[in-house]
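Okay, everyone, thanks for coming. Let me put the sequence and the structure up, and then I'll walk you through a few spots.

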Amino acid sequence: MPELPEVETVVRGLRQTILNKTISSVSIDSPKIDRDNPPGWQKTLHGKVFLNVRRRGKNILIDLIGNLTLWVHLKMTGHLYFMPSKNKIDKHDLLIFTLKDNSHHLRFNDYRRFGRVRLFKTDQVMSQKGLVELGPEPLEIKSDEFMELFKSKRRMIKPALLDQTFIAGLGNIYTDETLYLSRLHPRRLTDSISKPKLAELHGHIQKMLRKAIRLMGTSVDSYAGVNGRPGGFQKYLNVYGREGEPCIRCGTALRREKIGSRSAHFCPNCQRNR
DNA sequence: CGTACAACCTGCACGC
DNA sequence: TGCGTGCAGGTTGTAC
């Protein structure tokens, strides 16, 4: 599922629902969720209060009292849902937090089981592998820093944008869409792009991410927010999932190609690899 | 250092 | 209807 706008939508949904609520119990239905955590970890959470919810790239950090932080990564199909506890348990509800009022659950659901939920001490979580190496936040990086980043490496732009240590938060949909808007070929080398073009790309990335957040993300498959509702940005996709359809700008059939073992969607006419 | 690919899982769309 | 194939919003480890 989830790239930066979807994760940000989940984070905002959590802030509106679980903040200041107390966990009464946690039940686990997957040994995979357990495997990165110390034995009996869920008991540590009993009686703890949700203090704060943060995002770093595509990572969700849920702080609790007692110097504890839940580090959640949704990977492809992970979901966090806030719902009445009477709702039917789904076979892919892997982790269920019962809140103290007993009327609601926070559930981690993931049918592909790639997602991760791990418990750390708050003051140690950001130095964990997977979080320390993250690149800059695309909504915070300034245009000149963005240009320097691109000049510092020589690699294909599409895999670079997907590399979370290069820049954190973009995924396959938003990289294809921003490259299209910027008329950049996905194989174009990062250090071969002019500064004005990079400034344009920087602008498109920020504008697109903000709009996608406003529309609560893109739902092309199973993605949904904490309240179970899908996002609205899929209406604005120009290239992703449109292989063979005419380019909106020039009418050329859009193409899909494997680049860096991910499919890249682009217009072969508008996005030349000069 | 950059690139390519398999692996981790389940489900769905598609062709036959 | 059933079966095989390919594909999926992400990340990691390994090999060249």
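So, which residues surround DNA strand B? In this predicted model, they are Lys32, Lys91, His92, Tyr111, Arg112, Phe114, Lys153, Arg154, Arg155, Met156, Gly260 and Ser261. Of the strand B atoms that come within 4 Å of the protein, 70% belong to sugar and phosphate. Sorted by class, that surface has six charged residues, three polar and three nonpolar.

Let's look at some of the phosphate contacts. His92 puts a polar side-chain atom 2.9 Å from a phosphate oxygen of DNA strand B, and for Lys91 the corresponding distance is 3.4 Å. With Met156 it's a polar backbone atom, 3.3 Å from a phosphate oxygen of the strand.

Next up, Asn37. You'll find Asn37 in the loop between helix H2 and helix H3. Is it buried or exposed? Its relative accessibility is 9%, under the 20% cut-off, so Asn37 counts as buried. The Asn37 side chain reaches two backbone oxygens: that of Ile33 at 3.1 Å and that of Val117 at 3.0 Å. Beyond its neighbours within four places in sequence, Asn37 also touches Arg118 and Leu119, along with Val117.

Last stop, helix H1, residues 4-17. With 14 residues at 1.5 Å each, H1 should span 20 Å, and its end C-alpha atoms are indeed 20 Å apart. Since 11 of those 14 residues are buried, H1 is largely enclosed by the rest of the structure. Among the buried ones are Val7, Val10, Val11 and Leu14. What do the buried residues pack against? Strands E2, E3, E5 and E7, plus helices H7 and H8.

Key: Residues numbered from 1 in each chain as written. Chains lettered and ligands numbered in written order. Predicted model: local features only at pLDDT ≥ 70, side-chain atom pairs only at ≥ 80, totals over all residues. Heavy atoms only, no water. Helix = DSSP H or I, 4+ residues; strand = E, 2+ residues; numbered from the N terminus. Expected span 1.5 Å × (residues − 1). Buried < 20%, exposed > 50% of the residue type's maximum accessible area, 1.4 Å probe, protein only. Contact = heavy atoms within 4.5 Å. Polar contact = N/O pair within 3.5 Å; in protein donor to acceptor, adjacent residues only side chain to side chain. Near = heavy atom within 4 Å. Nonpolar A, V, L, I, M, F, W, Y, C, P; charged D, E, K, R; others polar.
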